[in-house]
Structure formats: structure tokens, C-alpha cells
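I'm opening a fresh page for this one. My plan is to look things up one at a time and jot down whatever turns up.

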Amino acid sequence: MKLLTPSLLVISFFVIGGMVFKATTPRQCTEILSDDTIFVLTGDMRRIPFAMRQLRKHQDADLYIIGAGANGSFEMARRVTIESKSKSTYQNALAIKEIAKETGLDRIVLITTEDHINRARYLIRQEIPETEVISCPVPLTDMPVTKRLERWVIEYIKYIVTLLGIKEG
């Protein structure tokens with residue numbers, strides 16, 4: 001019975017933490033200003049089209065597509081910059097840090113899927129704490145519930161690992 005109690009405690013903390021993780025995730029875009037700089041992280045097919053829709057709504061905004069999945073050409077190309085060297089969320093954060101420092105940004109809009117936004121925002125805030133990070137999560141639509149749950153659990157575990165100081169991997 002003594003062996004069961006710590007295991008049950010760990011599982012309980014994990015489940016409760018997962019519920020808090022999901023409950024504290026932003027559900028919709030915080031206000032995007034017309035002249036904001038938007039960063040979209042690649043990795044899910046929903047992210048770039050969602051970011052392009054946001055760009056159409058905000059005429060003076062600039063868009064940076066960050067990550068290994070960035071390629072091709074996009075409409076409104078004069079306002080779209082592609083960074084394709086970074087291969088992980090941590091490397092995305094470093095790329096955003098470099099761009100923010102070079103261009104003097106004190107506010108950025110972050111677009112990524114809702115399951116990924118907490119960890120991405122955390123890593124970016126660690127790299128550029130003086131920069132305001134506005135969350136704009138992409139909803140996980142048209143996906144079976146079991147697949148969504150699997151993605152949330154994986155991102156929650158990655159978030160815990162990130163909080164423990166492991167940024168890559």
C-alpha cells in the first residue's frame with residue numbers, strides 16, 4: 001500500500017497539472033494592433049493559413065514565418081519574411097529574439113496551435129523578457145478527440161520538461 005500512495009500522488013499531480021495547463025491556455029487572439037509584428041511558428045498545417053487571415057485583417061502588420069516548415073511563396077509577400085533555419089521551438093524562440101533585437105520590437109504577436117502556445121510563449125519570454133508576447137492560438141479543429149488529447153498530453157509533457165530547464169530535445 002505504501003508503494004501505491006506515491007504513485008497515485010504523482011499521477012494525481014500530473015492529471016491535475018494537465019487540467020490546469022489546458023484551462024490556462026488562451027482560447028482566442030488577444031487584441032492585435034494594426035502595426036504589430038506577427039510571428040507564426042510552423043509545424044502544423046493550420047498555422048500559416050490562420051496567420052495569413054490575421055495579416056489580411058491587420059493591414060500594416062508584418063509577418064514572420066518561423067521554422068523548418070517555412071517555404072514557398074505567399075500572397076502579400078512584401079510583408080512576409082520567412083526564417084527556415086530553426087528546427088525546434090527553442091530555436092524558434094532564438095530566431096524571434098534575434099529579429100526582435102535587430103528591429104527593436106517591444107511587442108510581438110505569437111501564432112501557434114492552442115496546444116503549443118504555452119510552451120512557445122514560455123520559451124520566447126525566457127529569451128526576450130522585456131518584449132510583450134501577445135498570444136494568438138490556432139484552434140485544433142477538424143481533428144478527432146483522441147488525436148487532440150494525444151497532442152495536448154505530448155505538449156504538456158514537453159512543457160513540464162521545459163520548466164525543468166531542458167529546452168531542446
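**Entry 1: an aspartate to start with.** I'm working from a predicted model. I began at D115 and asked myself whether D115 is buried or exposed. D115 comes out at 3% relative accessibility, so I put it down as buried, the cut-off being under 20%. Next I looked for a partner for its side chain. D115 meets R151 in a salt bridge, 3.1 Å from N to O. D115 lies in the loop between β4 and α4 while R151 lies in helix α5, so this pair ties together parts that are 36 residues apart in sequence.

**Entry 2: staying with the arginine.** I checked R151 too, and R151 is buried, with a relative accessible area of 17%. Then I found D44, which also forms a salt bridge with R151, and here the closest N and O atoms are 2.7 Å apart. Why does that pair count as tying together separate parts of the chain? Because D44 sits in the loop between β1 and α2 (47–57) and R151 in helix α5, 107 residues apart in sequence. D44 counts as buried as well, at 10% relative accessibility. I also wrote down that D44, R46, D115 and R151 are linked in a network of salt bridges.

**Entry 3: one more charged pair.** How many salt bridges does the structure hold? I noted twelve. One of them joins the side chains of E114 and R27, at 3.7 Å from N to O. This pair links distant parts of the chain, 87 residues apart: E114 is in the loop between β4 and α4, and R27 in the loop between α1 and β1. I looked up the cover on each partner. E114 is buried, with a relative accessible area of 12%, whereas R27 is partly exposed at 44%. A reminder to myself: side chains of opposite charge can pair when their charged atoms come close.

**Entry 4: cysteines.** I went looking for disulfides and the count came to one. It is formed by C29 and C136, with their sulfur atoms 1.6 Å apart. C29 lies in the loop between α1 (4–23) and β1 (37–41) and C136 in strand β5 (residues 132–138), so the link ties together parts that are 107 residues apart in sequence. I also checked its handedness: the link of C29 and C136 is right-handed, with 45 degrees about the S-S bond. As for cover, C29 is partly exposed, with a relative accessible area of 26%, but C136 is buried at 0%. My margin note says that a disulfide is a covalent bond between the sulfur atoms of two cysteines.

**Entry 5: a threonine in a loop.** Then I stopped at T131, which is in the loop between α4 (117–127) and β5. T131 counts as buried, at 6% relative accessibility. Which residues does T131 contact, leaving aside its neighbours within four places in sequence? I listed L105, D106, R107 and I108. I also took one distance: the C-alpha atoms of T131 and I66 are separated by 17 Å, and these two are 65 residues apart along the chain.

**Entry 6: checking a helix.** I picked helix α3 (residues 89–103) for a length check. Its 15 residues, at 1.5 Å a residue, should span 21 Å, and the end C-alpha atoms are 21 Å apart, which agrees. Next I pulled up the buried residues of α3: T89, Y90, N92, A93, A95, I96, I99 and A100. What do they pack against? I got β1, β2 (62–66), β3 (80–83), β4 (107–113) and α4. After α3 comes G104, and its phi is positive, near 70 degrees. On helices in general, I jotted down that residues three or four places apart point the same way, because an α-helix has 3.6 residues a turn.

**Entry 7: out on the surface.** Last, I looked for a nonpolar patch. I found one of about 780 Å², made by I11, F14, V15, M19, L149, V153, I157, V161 and I166. Helices α1 and α5 (145–163) each supply at least two residues of this patch. I looked up one member, V15, in more detail. V15 is in helix α1, and at 44% relative accessibility V15 counts as partly exposed.

How values were computed: Residues numbered from 1 in each chain as written. Predicted model: local features only at pLDDT ≥ 70, side-chain atom pairs only at ≥ 80, totals over all residues. Heavy atoms only, no water. Disulfide = S-S within 2.5 Å. Helix = DSSP H or I, 4+ residues; strand = E, 2+ residues; numbered from the N terminus. Buried < 20%, exposed > 50% of the residue type's maximum accessible area, 1.4 Å probe, protein only. Contact = heavy atoms within 4.5 Å. Patch = residues over 30% accessible without salt bridge, like charges linked within 9 Å, V, L, I, M, F, W, Y side chains within 5 Å. Areas by Shrake-Rupley, 256 points an atom, 1.4 Å probe, with all protein chains shown as cover. Salt bridge = Lys/Arg side-chain N within 4 Å of Asp/Glu carboxyl O. Expected span 1.5 Å × (residues − 1).
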